[in-house]
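Please look at the sequence and the model below. The paragraphs after it move from one helix to the domains and then to the ligand.

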Amino acid sequence: MWRGRTVTVHRAGVAVSVVVVGAGVAGTACARALVDSKVAVRVLERGHVPGGRMASKRYGDRRADIGAGYFTVSDDRFAAVVAQWREAGLAREWTDTLAVHDGSGWSSTTGPARWAAPGGLRSLVEHLASGLDVRVRSAVEWVEPGPRVDGTAVDAVVLAMPGPQAARLLDPRLTAVRDAVDGQGWRPALVATLEYPDRSWEDFKGVFVNDHPVLRAVFDDGSRRGDGAPVLVAHTGHEFAESFVADAPEAAADIEGAVRELLTLPAAARVHVHRWTFATPTTPNPAPFFLGDDLVGVAGDAWGSPKVETAWLSGTLLGRALAEKLA
Ligand SMILES: Cc1cc2nc3c(=O)[nH]c(=O)nc-3n(C[C@H](O)[C@H](O)[C@H](O)COP(=O)(O)OP(=O)(O)OC[C@H]3O[C@@H](n4cnc5c(N)ncnc54)[C@H](O)[C@@H]3O)c2cc1C
């Protein structure tokens, strides 16, 4: 639980303090927009690192991307940030073409450039967070009218996370923001990192798998990260994930077997499974964020089509709107 004091800055005699809950890409972008508008902000993150679902988890001496597989860029404002990541050597265009597998066999799909990060996608959120006041291992438990965060008065609070996670924190008296998040449906996913003795596959970057009882996609983590490591990352469908609520590692054999059969591979040497309870929103909201009169706001990838770019934009636009309201 957060027991820190309020961050307060005096501008023209007015005390301003904002707490952003969640250091995923949305919360970090929101805090960055607020700081750019000279609003003092503290980010509280319950995990031990920032990143959220842009997650790069260390297995042995290497990180694998176990959340978002890549990101795409269509908005000019996001493109400007991505250009900074590229210049810093943190992001690179990975591929515009991925394979597709369905009942009729193999084909491919060419679309927008898919971007990846040599240091893992989490490194991009860390870059966005540099210089911000981010407190990790700081789980917020209660947000009430005032607004107050775990009993501490603030001028505004932003919940930058999936709606069901936000709903757990909200006092029932915050009816408008509760209404904004209550309608959100979310689906789970399992993500398995498969380590092999060597790269026994060729010309493979990734595949979208349709109509499969287990798999939705498999990506070559060594290709997208650029280190050539013999590591694949497999994403399951939500129906399969729903049958492994308590014990995700139990799913390892099924996922490994499905990947082995699909790509005609030898057995993986090690398999690590991560469960995302709230992986993907099912009901994208047409608005870019929510901000109530009580100065409690919500941002994240449910506010548009569910992807990294949407989450960044949602957080950024909410941060700008809040800064204007507080000015
Ligand atoms: C398996 C998977 C595959 C994906 N693939 C892609 C893809 O290929 N391309 C793409 O663009 N997007 C993809 N996405 C979606 C992308 O990861 C998300 O859109 C984006 O990362 C969401 O960011 P966010 O900041 O909105 O939420 P999150 O990243 O979920 O951040 C929320 C943060 O809030 C924190 N938090 C929650 N409760 C509290 C609390 N009480 N106190 C403090 N902190 C709290 C959490 O720990 C978390 O860090 C994928 C997601 C998943 C799970």
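Is helix H9 largely enclosed by the rest of the structure or exposed? Of its 19 residues, 14 are buried, so H9 is largely enclosed; a residue is buried if 20 or more other C-beta atoms, placed from the backbone, lie within 10 Å of its own. This is a predicted model, in which local features need pLDDT of at least 70, side-chain atom pairs count only at pLDDT 80 or more, and totals for chains, interfaces and linings use all residues. Residues are numbered from 1 along each chain as its sequence is written.

H9 covers residues 308–326. Helices (H or I, at least four residues) and strands (E, at least two) are DSSP runs, numbered from the N terminus. The end C-alpha atoms of H9 are 27 Å apart, which agrees with the 27 Å expected at 1.5 Å a residue, taken as 1.5 Å times one less than the number of residues.

The chain is divided into domain 1 (1–56 + 121–185 + 283–327) and domain 2 (70–118 + 186–282), with bounds from an automatic or database domain assignment. In all, 21 residues of domain 1 are in contact with 19 residues of domain 2 (C-beta atoms, placed from the backbone, within 7 Å). On the domain 1 side, H9 gives the most, with five residues.

Both domains also give residues to the shell around the ligand, so the ligand lies between them. Among the 37 residues around the ligand (C-beta atom, placed from the backbone, within 6 Å of it), Gly22, Gly24, Gly52, Asp301 and Lys307 come nearest. Helix H1 gives the most to this shell, with three residues.

Technical notes:
Buried ≥ 20, exposed ≤ 12 C-beta atoms within 10 Å, placed from the backbone. Contact = placed C-beta atoms within 7 Å.
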